[in-house]
Amino acid sequence: MAQPRPDTEIERILVVAAHPDDADFGLAGTMATWVDAGIEVTLLCVTHGEQGARPDADITTIPALREAEQQAACAAYGVSDVRWLAGFRDGWVEPTFELQREIVRVIRAVRPQRVVCQSPERNYDRLQASHPDHLAAGEATVRACYPAAENPFAWPELHSEEGLPFWHVGEIWLMAHPAPDHVVDITDTFARKVAALQAHASQTAHRGEELEAFLRRMTGLMAQRMGLPEGRLGEAFKVIPLN
């Protein structure tokens, strides 16, 4: 099992996700434990998830709706710093240099010791977790963390024109990785994970009471897989130290 830096050594964490609700499915319970520990958590959404709508929906209304839902979800576990990138389309995300630069800008502004993102490696056992946008956002974030964010020669105008000097990220956590090596026990924060995902009503309301049962089943299976005691719930990650 991986041994990440103790949370007592972490002051700021940046979570990057392709769409609204991605982070809440992946680590809402974990974010709640970090907030409870006094860590500042920032969530960055690459897109507004505008393709996540019914076929008959007015797609022009979806970005504002999903932004409001994400804000409400974050309130359930105590994250108030929610940021959005502009100009990146749901369903069309690629790990371009433009996207890397935008993520580097946020990393240098937030100065996190830990960055969490989606796995750039496809998980064939959980293909829905490996949406192409997830893979692209994860790849762009990993590239932004290393080497770009800590390289003073990568987009030097971020420093000279915007006052954002280079920053070293200490570790990356990947969610939905096919081979996780670290688990966070979220038994005590599970209710806040449920509340967060219920806030994404446009995506989850149709599940009704089955949503909580689904989340309990998935986090219970992950806890069991990762060796937590019987009855515990967990969220798992691949941890990558950057020394």
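Let's start in a loop: Arg-111 sits between helix H3 (97-110) and strand E4 (114-118). What is unusual about the phi of Arg-111? Its phi is positive, about 60 degrees, although Arg-111 is not a glycine. As a rule of thumb, most residues other than glycine have a negative phi. Arg-111 is also partly exposed, with a relative accessible area of 31%. Keep in mind that what you are looking at is a predicted model.

Ala-176 makes a nice companion. Ala-176 also has a positive phi of about 60 degrees without being a glycine, and you'll find it in the loop between E5 and strand E6 (182-185). Is Ala-176 buried or exposed? With a relative accessible area of 18%, Ala-176 is buried, because the cut-off for buried is under 20%.

Now for the whole chain. The protein chain has 8 helices and 7 strands. Its radius of gyration is 17 Å, close to the 18 Å that the globule rule gives for 243 residues, so the chain is as compact as a globular protein of that length. If you drew a box around the C-alpha atoms along the principal axes, that box would be roughly 50 × 45 × 35 Å. Of the 243 residues, 51% count as buried. Look at the contacts with a separation of 6 or more, and 80% of them join residues 24 or more positions apart.

What about the outside? The accessible surface of the protein chain is about 11400 Å², and carbon and sulfur atoms account for 53% of that. The chain carries 22 positive and 35 negative charges, and the mean positions of these two groups are 2 Å apart.

Next, the aromatic rings. How many aromatic pairs does the structure hold? There are 2, and here they are side by side:

| Pair | Distance between ring centres | Angle between planes | Type |
|---|---|---|---|
| Trp-34 and Trp-173 | 5.3 Å | 65 degrees | edge-to-face |
| Trp-173 and Phe-237 | 5.1 Å | 50 degrees | tilted |

Why is the pair of Trp-34 and Trp-173 called edge-to-face? Their planes are at 65 degrees, and the label applies because planes over 60 degrees apart count as edge-to-face. Trp-34 lies in helix H1 (residues 22-36) and Trp-173 in strand E5 (residues 171-175), so this pair ties together parts that are 139 residues apart in sequence. The other pair does a similar job: Trp-173 in strand E5 and Phe-237 in strand E7 (residues 234-241) link parts that are 64 residues apart in sequence. Put together, Trp-34, Trp-173 and Phe-237 form one aromatic cluster. Trp-34 is buried at 1% relative accessibility, Trp-173 is buried at 1%, and Phe-237 is buried at 0%.

One last stop is the loop between helix H4 (132-145) and helix H5 (157-160), where Trp-155 lies. Which residues does Trp-155 touch, leaving out those up to four places away in sequence? They are Phe-97, Gln-100, Arg-101, Val-104, Arg-108 and Ala-148. The C-alpha atoms of Trp-155 and Met-1 are separated by 36 Å, and these residues are 154 residues apart along the chain.

Pro-147 lies in the loop between H4 and H5 too. The peptide bond from Tyr-146 to Pro-147 is cis, with omega near 5 degrees. For context, most peptide bonds are trans.

Notes. Residues are numbered from 1 along each chain as its sequence is written. This is a predicted model: local features need pLDDT of at least 70, side-chain atom pairs count only at pLDDT 80 or more; totals for chains, interfaces and linings use all residues. Side-chain values use heavy atoms; hydrogens and water are left out. Helices (H or I, at least four residues) and strands (E, at least two) are DSSP runs, numbered from the N terminus. The radius of gyration is taken over C-alpha atoms; the globule rule is 2.2 Å times the number of residues to the power 0.38. Buried means under 20% relative accessible area, exposed over 50%, partly exposed in between (1.4 Å probe, protein chains only). Contact means heavy atoms within 4.5 Å. Accessible areas come from the Shrake-Rupley method with a 1.4 Å probe; for residues, only the protein chains shown count as cover. Lys and Arg count as positive and Asp and Glu as negative; His and the chain ends are not counted. The place of a charge is taken as NZ of Lys, CZ of Arg, CG of Asp or CD of Glu. Rings of Phe, Tyr and Trp (its six-membered ring) pair if their centres lie within 6.5 Å; planes under 30 degrees apart count as stacked, over 60 as edge-to-face and the rest as tilted.
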